[in-house]
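This briefing goes through one protein chain by topic. It starts with overall content and ends with single residues.

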Amino acid sequence: MVHRHARTAARTALAALGALALAAAPSAVAAEPAPTAGPVPGAAQTLGADRPPAHLLQALGRDLDLTPAQASERLVNEAEAGARAGVLRNSLGDRFAGAWVRGATSAELTVATTDAADVPAIEAQGAEAAVVTRTLADLAAAKEKLDTAAAGRDTADTPLWYVDVPTNRVVVQARSAAAGAGFIEAAGLSGEGVAVEVAEQRPRLLADITGGDAFYINDEARCSVGFSVTGGERPGFVTAGHCGDPGDPTTGFDRTAQGTFEASVFPGRDMAWVATDDPWTPTAGVKAQDGEIVQVTGSVQALVGASVCRSGSTTGWHCGTIEQHDTSVSYAEGRVDGLTRTTVCAEPGDSGGPYLAGSQAQGVTSGGSGDCTSGGTTFYQPVNPMLADFGLTLTTAAEGAAAPLPQDGDTRAWTAGRVYEAGATVTRDGVSYRCLQTHQAQSGWAPAGTPALWQRV
């Protein structure tokens with residue numbers, strides 16, 4: 001994960017971590033019609049979850065203690081759960097409080113709402129209903145208060161905060177109870193049922209240092225290639241922002257000239273993209289177990305609780321589960337928002353490497369704690385914000401892959417190459433659709449033919 005970054009003079013020792021719980025408040029919103037009952041057709045087929053490669057099943061079996069049949073079933077269940085959760089998110093509207101999967105095969109989908117009247121509609125979709133007191137928007141607003149407070153203070157003693165959907169709270173990891181209380185007070189959250197727990201470690205950046213291959217920055221630092229992309233007509237790949245600055249030259253795994261960092265953001269986010277020169281050609285491949293290659297077919301964001309696997313140039317291929325999205329981490333080198341926390345292990349040199357949920361691109365390694373001997377926690381920078389912010393197109397093996405995004409045109413019209421957030425509304429052939437799962441649109445994924453991704457409204 002972490003290399004000796006040219007911009008960082010030294011690495012600091014890991015600081016202790018802790019957790020904070022945020023009590024919930026009721027939300028009164030009028031009920032909307034219930035969604036159609038039953039699974040969303042074609043979800044597993046659309047996302048390629050029904051045809052996983054053997055090496056992916058082997059890695060899931062090793063790291064999550066699953067049989068090949070359980071691993072295969074889990075991938076299908078997660079694909080279908082994401083689509084069903086999207087349908088319910090659209091139906092519940094402001095009352096939606098998050099969704100997650102659990103169980104060895106992710107067979108249990110839970111959808112949270114702030115209104116008990118929604119329980120029948122949720123159960124009609126084959127999900128378990130959780131009635132809670134805070135909506136997802138409420139939780140996001142509370143976390144935003146912490147984000148604002150963090151901008152004006154040293155967060156070395158409060159290095160991590162995020163929305164924890166299954167517990168319906170915002171969580172902060174702090175070095176001490178006093179540090180946590182001070183952060184809570186600075187955010188204006190005192191007296192709102194916030195609790196503080198103390199832990200031992202602080203995340204560190206994971207960048208000593210084609211998805212998963214090594215590359216070198218300024219002939220000294222080593223990171224891992226994320227996913228192949230194109231920016232306009234220029235080929236390249238995405239990786240972690242802390243791996244290099246705009247203009248930094250790179251060489252490939254074989255130490256031959258490769259390309260240049262075109263854009264890099266760190267701290268704030270941890271994302272960058274490298275434009276490559278001949279003969280480096282983008283492919284949809286990510287290195288997996290024993291030299292096998294996973295072919296990326298899209299970037300549909302997975303749910304909390306879903307399985308995820310990572311490739312890196314130090315430790316190779318490892319799997320785990322997604323714990324939380326929208327996590328803020330205060331590294332010694334700077335704060336990063338919007339990361340996803342996982343149980344996947346990683347080590348120095350793995351930074352920038354790709355995370356996959358099945359064949360769907362999820363993000364690139366940012367940082368974490370622990371290692372692949374004793375186990376650990378890692379954070380990844382989600383890929384969809386990278387594609388949207390840098391104007392990039394993910395390279396995929398899917399039939400009808402994403403087309404380069406046009407620079408103008410109607411933003412309401414469905415367009416291949418555009419990143420759509422869950423809940424976004426578009427038009428296609430005179431019909432309106434609402435997005436079920438965050439993803440970058442591909443030409444073969446038009447709304448009418450992908451009910452796993454779009455719901456007609």
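The points below cover the fold elements, the open spaces and a few selected residues.

The model is predicted. The protein chain has 7 helices and 31 strands. Of its 457 residues, 57% are buried. The chain exposes about 16,900 Å², and carbon and sulfur atoms supply 49% of that area.

**The eight-stranded sheet and its helix**

- An open sheet of 8 strands runs in the order β12-β11-β15-β16-β17-β14-β13-β26, and its pairing is antiparallel.
- The edge strands are β12 (221-224) and β26 (393-394), each of which pairs on one side only.
- Within this sheet, 4 bridges connect β13 (residues 228-231) with β14 (residues 234-239) in the antiparallel sense.
- T230 stands opposite P235, a residue of β14.
- Helix α7 (residues 383-390) packs on the sheet, where it touches β13, β14, β16, β17 and β26.
- The direction of α7 makes about 60 degrees with that of β17.

**P267, in a loop between two strands of the sheet**

- P267 sits in the loop that lies between β16 (257-265) and β17 (271-276).
- P267 has 39% relative accessibility and therefore counts as partly exposed, since that class lies between the 20% limit for buried and the 50% limit for exposed.
- Apart from neighbours within four places in sequence, P267 is in contact with E333, G334, R335 and V336.
- One of these contacts, G334, falls within the residue range of β22 (334-342).
- P267 and G241 are separated by 26 residues in sequence, and their C-alpha atoms are 7.9 Å apart.

**Strand β23 and its partners**

- Strand β23 (residues 354-357) is covered on both faces.
- P354 and L356 are buried on one side of β23, and Y355 and A357 are buried on the other.
- This arrangement follows a general pattern: in a regular strand the side chains alternate between the two faces of the sheet.
- β23 is joined to β20 (residues 307-312) by 2 bridges, and these two strands run antiparallel.
- β23 also pairs with β24 in the antiparallel sense, over 4 bridges.
- Y355 takes part in both pairings: R310 stands opposite Y355, and in β24 the bridge partner of Y355 is G363.
- The hairpin of β23 and β24 has 2 residues between the strands, and G358 in this hairpin takes a positive phi near 65 degrees.

**Helix α2**

- In helix α2 (residues 54-64), the buried residues are H55, L56, L57, A59, L60, G61 and L64.
- These buried residues pack against α3, β19 (293-295), β20 and β21.
- D65, just after α2, takes a positive phi of about 55 degrees.

**The largest cavity**

- The volume of the largest cavity is about 200 Å³.
- Its lining consists of 19 residues, and L47, E78, A79, A302 and A357 lie nearest the centre of the cavity.
- A357, one of these residues, is also among the buried residues of β23.
- Helix α3 (68-92) and strand β24 (360-371) each supply at least two residues of the cavity lining.
- The largest share of that lining, 4 residues, comes from α3.

**The largest pocket**

- The largest pocket has a volume of about 820 Å³.
- It is lined by 29 residues, and R89, L136, Q301, H325 and E421 lie nearest its centre.
- Elements that each supply at least two lining residues are α3, β3 (96-102), α5 (136-150), β21 (316-331), β22 (334-342), β25 (375-382) and α7.
- α3 supplies the largest share of the pocket lining, with 4 residues.
- Helix α7 thus appears in two places in this briefing, as a contributor to the pocket lining and as the helix packed on the open sheet.

**R341, in strand β22**

- R341 lies in β22, a strand that supplies at least two residues of the largest pocket's lining.
- Is R341 buried or exposed? R341 is buried because its relative accessible area is 12%, and the cut-off is under 20%.
- Leaving aside neighbours within four places in sequence, R341 is in contact with L160, Y162, Q173, T321, I322, E323, Q324, T327, T377, T378 and F379.

How values were computed. Residues numbered from 1 in each chain as written. Predicted model: local features only at pLDDT ≥ 70, side-chain atom pairs only at ≥ 80, totals over all residues. Heavy atoms only, no water. Buried < 20%, exposed > 50% of the residue type's maximum accessible area, 1.4 Å probe, protein only. Contact = heavy atoms within 4.5 Å. Areas by Shrake-Rupley, 256 points an atom, 1.4 Å probe, with all protein chains shown as cover. Pairing = 2+ DSSP bridges. Axes fitted to C-alpha atoms, helices over the stretch in contact; angles between N-to-C directions. 1 Å grid on protein atoms, 1.4 Å probe; cavity = no way out; pocket = protein on both sides within 12 Å on 5 of 7 lines; lining within 4 Å. Points joined across faces, edges and corners; volume = space filled by probe spheres on them.
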